[in-house]
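User: I've got a structure to go through, and I'd like the reasoning behind the labels. Can you take me through it?

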Amino acid sequence: MKSTLNPISFDLAIAENLEKFTGRKWLIEEIDEWVNDPNGRRVYWILGRPGIGKTALAIKYNNIHDLSAFFLFQYDNSETINPQRFVKTLAYELSISISAYQDLLEKIDLDSKKDLDGPALLNELIIIPFYQIGNLEHQVIILLDGLDEIFQRHGMENIPQEMVQTLRALYHRTESMPFRFIFSSRDSQAVQTELQLDAVKPQFIDPDSKQNRDDIREYLRKELGNITGEVIPDETLEDIGVKSEGFFIYASFFYKAVRDKIFSLDQPSFPTGLSAMYLEYFEKQFHDIQKYEQKIIPAIQVICAAREALPAQILTGIIEGEEVGMNKLRIQIDSLFSFENNAVRPFHSSIVEWISDEKKSGRYYVSLKKGHASLSEYGFNHVMSGEIHEYFLRNLAYHLLAIRDEKRLSELMVNQEFFVRSYESDYQTLQRLWVILENETSLRMEQVYALPQGNRKTSSTVSKLQTFFFGRSDQTNGSEFSNWYIIDIGNLLQRMSKLTTAYDWYHLLEKKARDEKDIDSLQISLGNQALILSARGDLDGAMKLHKEQERICRDLGNVDGLQASLGNQALILSARGDLDGAMKLHKEKERICRDLGNVDSLQISLGNQANILYVRGDLDGAMKLHKEEERICRNLGNVDSLQRSLGNQALILKARGDLDGAMKLHKEEERICRNLGNVDSLQRSLGNQALILKARGDLDGAMKLHKEKERICRDLGNVDSLQRSLGNQALILSARGDLDGAMKLHKEEERICRDLGNVDGLQASLGNQALILKARGDLDGAMKLHKEKERICRELGNVDGLQASLGNQALILSARGDLDGAMKLHKEQERICRELGNVDGLQASLGDQALILSARGDLDGAMKLHKEQERICRELGNVDGLQASLGNQALILKARGDLDGAMKLHKEKERICRELGKVESLAISLANQSLILNQQGKTLEADVMIHEAYDLASGHGYETLALQIKGLMN
């Protein structure tokens with residue numbers, strides 16, 4: 001596991017801090033008491049000022065107890081704020097201490113997780129496995145030291161959000177698990193605010209406390225005694241302890257200065273405080289200021305500006321020092337800097353903070369900007385000459401950023417070898433770098449990577465590449481670039497949603513690959529261009545490219561690439577409404593995946609096939625496929641795909657009328673989403689639960705969930721899901737009779753859809769607005785909106801939306817008395833539904849046609865259609881549609897004079913509505929039954945029933961219906 005996870009090693013820091021560790025028994029006992037209290041708070045947060053000894057304590061405590069996991073955020077190691085390295089290091093630590101976790105971790109294909117960001121990788125490597133383990137016999141204690149370093153490195157303007165989100169996820173997603181944490185940090189508001197630790201009470205190490213000062217005196221007694229070989233007088237220890245102001249770093253540096261004979265225990269006085277200590281040290285060590293400025297400053301400013309331990313090779317190259325010169329330098333600054341593993345770094349971050357503050361360090365001041373400039377000059381020249389040291393691969397861009405050298409930054413970011421090595425080693429770090437560059441500089445990805453004008457179709461921006469590689473050339477055939485360079489740039493741009501520029505690069509690769517007859521690169525290019533075209537809505541263009549990709553994959557025998565292409569083509573066909581064609585491709589994809597044993601792609605195919613069957617009304621077939629999908633996901637431990645499967649199964653149960661079963665699955669889906677921190681899927685689950693509550697008549701509960709969904713969508717910036725939430729809230733307001741409030745939400749929904757170019761969502765919104773206008777009596781306005789909906793649906797080829805529009809237009813014509821016109825539209829609706837296999841839409845159309853026949857007096861014809869509607873609903877398990885059909889059949893029987901038959905059907909409708917929790921339909925059924933009872937002379941029973949109907953309608957917010965029932969009561 002160690003070679004696979006490549007955890008960060010803290011061996012050097014551990015050795016340095018354990019060697020001379022002294023004291024802290026009192027604090028260790030306090031932490032032990034917290035650990036041994038199973039009902040204690042989740043976090044023990046050690047807070048202290050720089051140099052108080054937090055890291056040494058953390059390392060010592062872990063050494064004593066061998067905690068479940070241990071991690072140091074280090075000021076001189078930029079890798080410690082890399083979210084992926086953080087997660088993998090924690091995973092390694094946890095695997096050593098928890099065997100059940102190690103067993104699950106070993107089964108994970110880590111290579112398949114390399115594209116995940118920090119929070120997603122945390123889910124896959126830690127959250128999901130511990131979710132699968134279930135109950136642990138003991139608590140998991142994780143110690144994280146130096147949380148403030150995350151914010152110190154970048155400042156509050158450029159907080160590394162992915163790292164922060166990963167830490168938040170670790171803390172919040174393990175709340176239901178036996179995870180507890182020991183944190184240590186400086187007294188930083190950023191840590192508390194950004195990591196959302198406001199409810200956590202920190203334990204502050206008071207530098208003036210007796211226990212702290214006793215520990216410092218004990219350290220000095222032991223270490224200084226080892227140097228002198230004598231017992232140090234108490235008054236000397238007391239004097240030094242007071243001058244330390246309670247900071248262990250003072251005592252540690254004082255010991256080094258005495259060891260190196262720069263300070264003496266016999267000197268008249270000792271400096272007060274760390275700043276004075278450093279100043280006196282420099283005055284004694286570097287009394288020749290001219291020599292200090294010429295020989296020492298150039299080295300110190302580079303070491304202090306380095307983002308991690310600086311390789312000696314680079315330092316030597318920058319100061320042009322010989323080995324003898326480096327040895328002399330080391331002797332002079334050894335107390336200030338650590339030389340280990342052919343690299344040098346500051347002894348403590350406080351040295352860098354002091355020496356780079358001119359007010360504190362005075363004539364010994366060192367300019368970090370000059371250090372960044374020296375590193376930038378040396379590193380840039382070596383990169384451009386083809387010599388790329390690992391240090392500069394990770395850090396050169398940040399040094400150039402520190403001196404705001406945008407020209408060289410842009411040249412660096414397009415350098416082929418630098419870019420490919422950066423992308424291939426860690427493309428996510430490259431993404432994070434670009435986020436910072438776009439925030440802090442005038443550089444923009446689309447400009448830096450814009451191809452020459454002749455290679456572009458839309459952008460008019462002057463290309464950095466054009467001037468850097470081609471002079472003023474108007475076009476390139478790509479021969480200057482390697483294929484991997486083109487692919488990596490395209491992938492990075494696509495990942496960061498720069499689709500236009502990404503498309504230009506993939507298109508360049510296509511032409512280059514055709515010229516070079518590189519068939520595999522060609523199919524990669526075609527597939528990626530097709531995905532971009534699909535995202536833009538150009539389904540025809542996307543399909544054309546996928547078809548060529550498919551042919552190439554068949555010729556090459558690349559069956560894995562083939563199944564991916566087929567799946568993408570199937571999604572396009574589904575979007576076009578060609579469900580048969582889509583199903584055919586999904587079936588071929590399924591066969592290939594089964595042959596390859598690619599079960600992850602298999603479950604995706606099964607889920608997509610199930611969605612098609614669901615649309616067709618084949619709920620049993622859809623459920624069967626979702627069950628196989630669920631089984632695969634559980635076996636793989638793929639809980640993210642599992643929650644999607646459960647959500648889709650819940651939709652099937654809802655369509656069957658099993659609202660309790662549906663809600664149960666949605667609740668499991670919700671729980672998984674909350675554990676994973678998958679807020680996008682969470683909002684979808686909440687929305688679907690709200691629809692169930694609405695179907696049960698619980699409009700308040702439904703509105704509450706829709707409001708939470710709305711909040712999440714606004715936080716995420718997910719405006720497409722936001723418009724759906726607003727639309728559903730509007731439907732609730734309509735049901736309550738608040739048509740003005742409903743129309744306001746629908747208007748916002750419409751605006752979003754028009755802004756997004758979401759014409760499918762737009763047609764749905766227009767249809768619902770039309771229903772409101774119809775309810776207000778504005779039939780002309782309603783018809784106008786339905787006509788616009790119809791036009792959109794015909795242009796989209798959305799025949800399902802079209803049939804719904806035709807049905808609603810038919811209802812308006814019926815209301816106007818144009819029964820012939822209404823019947824004509826319903827007949828077209830019926831035809832579409834039969835062609836689509838949309839039997840649910842078909843039964844609704846048949847029911848509406850039956851109502852027209854009833855109005856014409858053709859009760860036999862009406863009953864025949866209602867019977868077909870009833871049969872379909874029973875076959876589908878659509879008990880909601882069934883109760884509506886039964887109620888209408890009852891009205892026909894009542895009109896014929898068959899009051900007993902009518903009452904029998906109303907009773908079945910009532911039973912179904914009570915089981916479903918369909919309050920509105922139940923109230924209607926009770927009102928109709930009361931009319932029959934009254935007609936039969938059973939006035940007392942009729943009175944009880946009509947009052948129950950009124951109470952249901954008024955008590956659940958159905959104000960319009962309540963007024964109608966009250967009219968019947970009167």
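User: How many positive and negative side chains does the chain have, and how far apart do the centres of the two sets lie?

Analyst: Bear in mind this is a predicted model. The count is 122 positive side chains against 144 negative ones, and the two centres lie 3 Å apart.

User: How do you know that Cys673 is in no disulfide?

Analyst: A disulfide needs two cysteine sulfurs within 2.5 Å. For Cys673 the closest one belongs to Cys713, 13 Å away, so that's too far for a bond.

User: And what makes Cys873 a cysteine in no disulfide?

Analyst: Go by the cut-off of 2.5 Å again: the nearest sulfur to that of Cys873 is in Cys833, at 12 Å. In fact, the whole structure holds zero disulfides.

User: Why is Cys673 called buried?

Analyst: Buried means under 20% relative accessible area. Cys673 has 1%, so the label fits.

User: What about Cys873, buried or exposed?

Analyst: Buried: its relative accessibility is 1%, to be set against that limit of 20%. Across the chain, 56% of the 970 residues count as buried.

User: What share of the accessible surface belongs to carbon and sulfur atoms?

Analyst: That's 48% of about 42100 Å².

User: Which contacts make up 63% of those with a separation of 6 or more?

Analyst: Those between residues 24 or more positions apart. As for secondary structure, the chain has 50 helices and eight strands, and its C-alpha trace spans about 120 × 70 × 50 Å along the principal axes.

How values were computed
Residues numbered from 1 in each chain as written. Predicted model: local features only at pLDDT ≥ 70, side-chain atom pairs only at ≥ 80, totals over all residues. Heavy atoms only, no water. Buried < 20%, exposed > 50% of the residue type's maximum accessible area, 1.4 Å probe, protein only. Helix = DSSP H or I, 4+ residues; strand = E, 2+ residues; numbered from the N terminus. Contact = heavy atoms within 4.5 Å. Areas by Shrake-Rupley, 256 points an atom, 1.4 Å probe, with all protein chains shown as cover. Lys, Arg positive; Asp, Glu negative; His and termini not counted. Charge placed at Lys NZ, Arg CZ, Asp CG, Glu CD.
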